[in-house]
2 protein chains.
Amino acid sequence: MASLHPDTLLVRWKEITEAWVAIPSVSTDTARKADCRRAAQWLADLLYDAGGTVELLEGYGNPIVLGRVDVGAPTTIVVYGHYDVQPAAREEGWETDPFELVYRDGRYVARGVMDNKGQVAIHLAAALALKEAGELAHNIVFFVEGDEETGSPHLAEAVQSLREILRQDAIVVSDGVREHNLPTLELSFRGGFNARVWLRTLAADQHSGMMSRVVPNAPEVLVRLLAFALQEGEGGLFEILARDAPAPSAEVEADLAVLPFGKEGIARATGARVVHPKNAQEYGRWVGLEPSLSITTLRAGYLGEGYRNALAATAEAKINVRLAPQQDPEAAAERFREWWRERFAQTEEIVEGDVAIDVPYRGVMLPRDNPWLNRAGRVWEEVTGRAPVRTYCGGGIPVVTLFHEEVGAPLVVTPLASEGGNMHGPNENVNEFVLREGLAWSARWFGARE
Amino acid sequence: MASLHPDTLLVRWKEITEAWVAIPSVSTDTARKADCRRAAQWLADLLYDAGGTVELLEGYGNPIVLGRVDVGAPTTIVVYGHYDVQPAAREEGWETDPFELVYRDGRYVARGVMDNKGQVAIHLAAALALKEAGELAHNIVFFVEGDEETGSPHLAEAVQSLREILRQDAIVVSDGVREHNLPTLELSFRGGFNARVWLRTLAADQHSGMMSRVVPNAPEVLVRLLAFALQEGEGGLFEILARDAPAPSAEVEADLAVLPFGKEGIARATGARVVHPKNAQEYGRWVGLEPSLSITTLRAGYLGEGYRNALAATAEAKINVRLAPQQDPEAAAERFREWWRERFAQTEEIVEGDVAIDVPYRGVMLPRDNPWLNRAGRVWEEVTGRAPVRTYCGGGIPVVTLFHEEVGAPLVVTPLASEGGNMHGPNENVNEFVLREGLAWSARWFGARE
């Protein structure tokens, strides 16, 4: 490790990233299927040329790259990542070609530079440079899929059939953003589901001049029910969903207390006039450890330009539900469904109502007593001089739940992207210092036993 | 009058209607401009051939037909109508060609057979048959426009410049449906306006996993405000709008009390499980004499298939407002606007809000002490053996307000179409008996002084 100059790692990262981001492996665009395969093949060749053994796994959508860099070490670390990217087009606001790696104002810019090719490339650069220097202290298995941006529809299947190969000493996942650019260990992810609530009050739309106040207007009935559903008090949906959400442990509360939290920063970033949580703990609990409900769609009546003078026969809302990490999503979905069914039955104006729930998914709370996690934390401290923050994430990374439940190996989820990197948007980028810290962390972690 | 056999009138009506409905004068379809002109010209020729004097008035959209059948009588009646029709296509559910007059199961079927060519044709058949028989007791002026279905954008202008020609002894308007197929005199129409309420809580949509409960979601803020706005109690919009709506007079209440009212019929016709008014008077007041508010559009967040996990930065509702006949629509619109502005100012989550109000229009309450109206009622009673019902309409016929305010001549608004006639829908039709009663009424009204 001592022999690896930081610049060597950066040069290696740039070589890998530059070539890889040039392949527009956009999985959400079926016209890019061949490019996805090219991006997989490119990675396979890289690992093969570095002396690894590589397979392209077929039958799970875009090929999964499974590559092993074996140095005969007694321990093996699995690196998860994905080579597919979000779409990007110059006219969406990119200042340069999205598929060309560019250095500008202290940042590297390209589609995929962090989500996720660039983060995988950090681990690739570290592992390959260490191997060449004879300093790689663990065998490394790269497990890199090509359908993350389309929801990894076949990943569960792949993980189940590769369970034995993936059940190694540790699995590292780097696919997110560092909290305030601090070294970050992510310890939980929420579960949840999406639901569509739909109701009918009339056989067909009715003339508003003739029938207003006489017969029920579906949007008004929906508005009344939603207003009641979303208040956080007694009888509302939040209370129903939160019923079996466990209170965070004292350790978790202590982690939340040290997180940086600034209402002004959130207000500035989102354009909100009001930021509801009072402090870091409330913020952390609300976002990561308790359920939430958001209306993501309201749709009723006439959607065109101008006006149509009609009561609407039907109305629809879509609701995004998040659940505390340990909650049973099926049970929560059933309570959600039941709540609406009762409302439909008790609301005499409703002729017909329906709740459709999209596959509920499980969150995960990772164990804190994992020696690999502790070592990851120590390495962060050695590299940056700062103890990592432990975070409890609002979103989900389904693959983490999958690894935790299906594989059972200790997980280290540590994001390497910088804040303000505009993942999924134009000019996706990474801050050079954050990038260098990631390279140093990966090299030190892969390069030593203790 | 004695010499006119009812069948003569019906034959005459069929001749006129058959030829006129065959011209697809769809004013909402710009490709049908020439057909609109053909329909106008056809009517002009009919009146000219019958010895009338006719003008096609240009400069007000589709030509307005102004035709005078003069028999040197001391009194003149103006007939308002429109020759333009709604679109119609066989594949929308028509059992026969929409532009061919067909007799089926006791009904005449064609686009325009009641809205409005067929109703104008009733007055044409009566006037021309009476003239030929030497029994027409009044001069008749036909004022027939071609832009009613597009909202008569130039009619106010035309009426203002023709004020002296239109200011005759009476104006008859037949452009609606008889209440339960009873002889009907329409005495009031509501005013109103459409409004679009829009608000913003965020600069851009936010990830629902990261920001739910932290920053305000626009659809939820809108739902809360709408739920409060639409309750009919203290502080809600209904109360604000109803503030200057006069209570109906005892005479009007008496008219309402005799209207047929059946919850079952309304429930059957609309598919509603609940019909709110308790009795005929409540129904009549709510629909015709008090304000109403209806959400006609709800629109926020992701409107496509499936789901997008994002808090929405903005949300929108459109609201159709109806006002009591005598209310000042500008003042009501200002109170409506002010209510929302206060809400926007008081709701700290709202970054930006807007209320756009589409041109408020005035309703009208016609005087009851009009001798022409009384005679119209007596004629209905002579013809059908039933006293007409007096109705207070939920919708508006803007031309009636216009005639009342700009011309000032006594108005007789008496619809001649039958219920279930599916105006604006496929298989528009009129019941033969209702049609015959209309012909008899028009002939008797035009054919006698007293």
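Buried means under 20% relative accessible area, exposed over 50%, and partly exposed in between. With that in hand, welcome to some close-ups of this predicted model.

**Figure 1. Tyr103(B) and Tyr108(B) form a tilted aromatic pair.**
The ring centres of Tyr103(B) and Tyr108(B) are 4.8 Å apart, with 55 degrees between the planes. Tyr103(B) has a relative accessible area of 45%, so this residue is partly exposed. Its partner Tyr108(B) is buried, at a relative accessible area of 5%.

**Figure 2. Trp13(A) and Tyr108(A) meet as an edge-to-face pair.**
Here the ring centres lie 5.3 Å apart and the planes stand at 70 degrees; planes over 60 degrees apart count as edge-to-face, so Trp13(A) and Tyr108(A) earn that label. Trp13(A) sits in helix α1 (residues 6-21) of chain A, while Tyr108(A) belongs to strand β5 (residues 107-109) of chain A, so the pair ties together parts that are 95 residues apart in sequence. Trp13(A) is buried, with 0% relative accessibility, and Tyr108(A) is buried too, with a relative accessible area of 4%.

**Figure 3. Ring pairs link six named residues of chain A into a cluster.**
Look for Phe193(A), Phe228(A), Phe336(A), Trp339(A), Trp340(A) and Phe344(A), which are joined by ring pairs. For the wider setting, the count over all chains comes to 32 aromatic pairs.

**Figure 4. Helices α13 and α15 of chain A pack against each other.**
Two packed helices are described by the angle between their axes and the distance between the axes. For α13 (residues 371-384) and α15 (residues 432-447) of chain A, the angle is about 130 degrees and the axes are 9 Å apart. That angle makes α13(A) oblique to α15(A), and their crossing is right-handed. On the α13(A) side, the contact is made by Trp372(A), Arg375(A), Ala376(A), Val379(A), Trp380(A), Glu382(A), Val383(A) and Thr384(A). On the α15(A) side, the contributors are Glu437(A), Gly438(A), Ala440(A), Trp441(A), Arg444(A) and Trp445(A). By residue class, the contact of α13(A) with α15(A) comprises eight nonpolar, two polar and four charged residues.

**Figure 5. His180(B) lies in a loop of chain B.**
The loop runs between β7 (170-173) and β8 (184-189) of chain B. His180(B) is partly exposed, with a relative accessible area of 38%. Setting aside neighbours within four places in sequence, His180(B) is in contact with Pro260(B) and Glu419(B). From His180(B) to Leu259(B) the C-alpha to C-alpha distance is 9.0 Å, although these residues are 79 residues apart in sequence.

Methods: Residues numbered from 1 in each chain as written. Chains lettered and ligands numbered in written order. Predicted model: local features only at pLDDT ≥ 70, side-chain atom pairs only at ≥ 80, totals over all residues. Heavy atoms only, no water. Axes fitted to C-alpha atoms, helices over the stretch in contact; angles between N-to-C directions. Helix = DSSP H or I, 4+ residues; strand = E, 2+ residues; numbered from the N terminus. Parallel < 35°, antiparallel > 145°, perpendicular 65-115°, else oblique. Left-handed = near helix turned anticlockwise from the far one by under 90°. Contact = heavy atoms within 4.5 Å. Nonpolar A, V, L, I, M, F, W, Y, C, P; charged D, E, K, R; others polar. Phe/Tyr/Trp six-rings, centres within 6.5 Å; stacked < 30°, edge-to-face > 60°. Buried < 20%, exposed > 50% of the residue type's maximum accessible area, 1.4 Å probe, protein only.
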